[in-house]
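Hi,

Here is the structure I said I would pass on. Have a look at it first, and then read my notes below.

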Amino acid sequence: MNIVEIYTDGACKGNPGPGGWGALLLYNGSEREISGCEPRTTNNRMELRAVIEALSALKRPCAVRVVTDSQYVRNGITRWLPEWKKRDWKTAAKKPVKNKDLWRLLDDAASRHRIEWAWVRGHAGNAGNERADRLASDAAEQCRNGDSA
């Protein structure tokens, strides 16, 4: 079975500030780049948005390998999310979960696919991660300059 490989990244010019997200989708020799931005956001929100948008771009349920340099995303989806849901979207410290809106969207988008979550160190020469980083940074820069990505 072929696997869709997705590299994602988020970027922010200031935190909060103009932010961008980017994703590289690879499947069976084909590639697709997607990106977007928001005028006032945080890096973590852009990291989440990148994965949500990439998974949402898939037309049917797939076997997917998501590669991210965000421990926040990887730990959140694989470790913290099930516990947050059990505690009615509260952290272990009984505080409201930050970015709950996006975590819910990610949970929904991920539920349609069979996903392996992989982490890579950012800015360490991984070609897919570097491309996703460039897409996110370029989108954040466009937003900072008043353009829409």
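What follows is a walk through what turned up, going from the strands to the disulfide, the core, one helix and a few odd backbone spots.

Keep in mind that this is a predicted model, so every value here is computed from predicted coordinates.

**The strands at the start of the chain**

Strand S1 (4–12) and strand S2 (17–27) run antiparallel, with 8 bridges joining them. They make a hairpin with 4 residues between the strands, and in that turn Gly 14 has a positive phi of about 100°. If you want a pair to orient yourself by, Cys 12 has Gly 19 of S2 as its bridge partner. The loop between S1 and S2 is also where you'll find Pro 16, and the peptide bond leading into Pro 16 from Asn 15 is cis, with omega near 15°.

S2 then pairs with S3, again in the antiparallel sense, this time over 10 bridges. Here Leu 25 stands opposite Arg 32 of S3. This second hairpin has 2 residues between its strands, and Asn 28 takes a positive phi near 50°.

So S2 has a partner in S1 and another in S3. How many of the residues of S2 are buried? It is 9 of the 11, so the strand is largely enclosed by the rest of the structure.

**The cysteines**

A search of the whole structure gives 1 disulfide. The bond is between Cys 37 and Cys 143, whose sulfur atoms sit 2.4 Å apart. The link is right-handed, with 70° about the S-S bond. It ties together distant parts of the chain: Cys 37 is in strand S3 (residues 30–41) and Cys 143 is in helix H4 (residues 127–144), 106 residues apart. Both cysteines are buried. For Cys 37 the relative accessible area is 19%, and since the cut-off for buried is under 20%, Cys 37 makes it into that class.

Why does Cys 12 form no bond? The closest cysteine sulfur, that of Cys 143, is 9.6 Å from the sulfur of Cys 12, which is too far. Cys 62 is another one to note: its relative accessibility is 18%, so it counts as buried.

**The nonpolar cores**

The largest nonpolar core has 31 residues, and Leu 55, Trp 103, Leu 106 and Trp 117 are the ones that touch the most other members. At least two residues each come from S1, S2, H1, strand S4 (63–68), H2 and H3. H1 supplies the largest share, 7 residues. There is also a second, separate core of 6 residues, with Val 67, Ala 118, Val 120 and Ala 132 among them.

Trp 103 is worth clicking on. Leaving aside residues up to four places away in sequence, it touches Leu 48, Tyr 72, Val 73, Gly 76, Ile 77, Leu 81, Trp 84, Trp 89, Val 97 and Lys 98.

**Helix H3**

Trp 103 and Leu 106 come up again in H3, where the buried residues are Leu 102, Trp 103, Leu 106, Ala 109 and Ala 110. Looking down the helix axis, these buried residues fall within an arc of 130°, so they line one face of H3. What covers them includes helix H1 (43–56), helix H2 (71–86) and strand S5 (114–119).

The geometry of H3 (residues 100–111) checks out too: at 1.5 Å a residue, its 12 residues should span 16 Å, and the end C-alpha atoms are indeed 16 Å apart.

**Odd spots in the H2 to H3 loop**

Which residues in this loop have a positive phi without being glycine? Asp 88 is one of them, with phi near 55°, and it is found in the loop between H2 and H3. Lys 94 lies in that loop as well, and its phi is about 65°, also positive in a residue that is not a glycine.

Are these two buried or exposed? Asp 88 is exposed, with a relative accessible area of 57%. Lys 94 counts as exposed too, at 67% relative accessibility.

Cheers

Methods
Residues numbered from 1 in each chain as written. Predicted model: local features only at pLDDT ≥ 70, side-chain atom pairs only at ≥ 80, totals over all residues. Heavy atoms only, no water. Expected span 1.5 Å × (residues − 1). Buried < 20%, exposed > 50% of the residue type's maximum accessible area, 1.4 Å probe, protein only. Arc of directions from axis to C-beta. Contact = heavy atoms within 4.5 Å. Disulfide = S-S within 2.5 Å. Core = buried A, V, L, I, M, F, W, Y, C linked by side-chain atoms within 4.5 Å. Pairing = 2+ DSSP bridges.
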